[in-house]
Amino acid sequence: MDQVKVEKMTTDDVDEVFQIEELIHPEHHWSKDSFYNELANKLASYYCVKDNSGKILAYIGFWKIIDEAHITSLAVHPDYRKKQLAQVLLIQAVNDCYKDMIKYITLEVRESNVPAIKLYEKFLFDSIGKRKNYYQDNGENAIIMFTQNIWYDTFKNNFKNLSDSINKVSVSYDK
Ligand SMILES: CC(C)(COP(=O)(O)OP(=O)(O)OC[C@H]1O[C@@H](n2cnc3c(N)ncnc32)[C@H](O)[C@@H]1OP(=O)(O)O)[C@@H](O)C(=O)NCCC(=O)NCCS
């Protein structure tokens, strides 16, 4: 992996993030205003992965409410997939959750989205149910995924192994 850094998303990043959003989801993407609103929301945390030149390659967003985090958005630019960037973002998010004493992380994912489901399973998210016809564009079902308590040894040991498997020289995380 080339050198990348994880940084908090700022309003200056929104135009570039929006370009990726439009590229990935031509018909059902978030608006720029959705991102601005999220960045202004104290419950929300958003991070980007950037390369050496500052180009945005990937981003994640999540809400932390009491002891639960909800991942709202995760995307990697199509030209930069399968380079562990989604894993880097999840590692940043989980470490953030540890800092804020979060216990559980949850999300919804399209039933057909095998790459994302496999990614979350790698982080020990389990499917716990479905939301029928959740997605308005095509009526697709959402799978609801949840971690076990992230402070349990099974989760922590797996998370440590995943974190160790990323080349630390190549990645700098947001403190
Ligand atoms: C899903 C997505 C975020 C993965 O990003 P990525 O940076 O390519 O993923 P990584 O390289 O970090 O891969 C981590 C793991 O995810 C899974 N994965 C990623 N791409 C996969 C694919 N095409 N097929 C199957 N599993 C895949 C694998 O388990 C992989 O681990 P491995 O390399 O040991 O097999 C990316 O494909 C994407 O942006 N998709 C469109 C947006 C989206 O679906 N977001 C999730 C919404 S819930």
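## Ligand shell, helix contact and strand pairing

Strand 4 (68-76), helix 3 (85-99), strand 5 (104-110) and helix 4 (114-122) are the elements that each bring at least two residues to the shell around the ligand. Please keep in mind that this is a predicted model.

Helix 4 contributes the most to that shell, with six residues. Altogether 20 residues surround the ligand, and those that come nearest are Arg 81, Ala 86, Pro 115, Lys 118 and Leu 119. Sorted by class, the shell holds twelve nonpolar, three polar and five charged residues.

Let's turn to the helix pair. The axes of helix 1 (residues 14-24) and helix 2 (residues 32-40) come within 10 Å and cross at roughly 130°. Because of that angle, helix 1 is oblique to helix 2. The crossing of helix 1 with helix 2 is right-handed. On the helix 1 side, Val 14, Val 17 and Phe 18 make the contact, and they meet Lys 32, Phe 35 and Tyr 36 of helix 2. The residues of this contact comprise five nonpolar, no polar and one charged.

Strand 1 (residues 4-8) has pairings with strand 2 and with strand 8, set out here.

| Strand pair | Direction | Bridges | Residues standing opposite |
|---|---|---|---|
| Strand 1 and strand 2 (residues 44-51) | antiparallel | five bridges | Val 6 and Val 49 |
| Strand 1 and strand 8 (residues 171-172) | parallel | two bridges | Lys 5 and Ser 172 |

To find these pairings in the structure, look for Val 6 opposite Val 49 in strand 2, and for Lys 5 opposite Ser 172 in strand 8.

Notes. Residues numbered from 1 in each chain as written. Predicted model: local features only at pLDDT ≥ 70, side-chain atom pairs only at ≥ 80, totals over all residues. Near = placed C-beta within 6 Å. Helix = DSSP H or I, 4+ residues; strand = E, 2+ residues; numbered from the N terminus. Nonpolar A, V, L, I, M, F, W, Y, C, P; charged D, E, K, R; others polar. Axes fitted to C-alpha atoms, helices over the stretch in contact; angles between N-to-C directions. Parallel < 35°, antiparallel > 145°, perpendicular 65-115°, else oblique. Left-handed = near helix turned anticlockwise from the far one by under 90°. Contact = placed C-beta atoms within 7 Å. Pairing = 2+ DSSP bridges.
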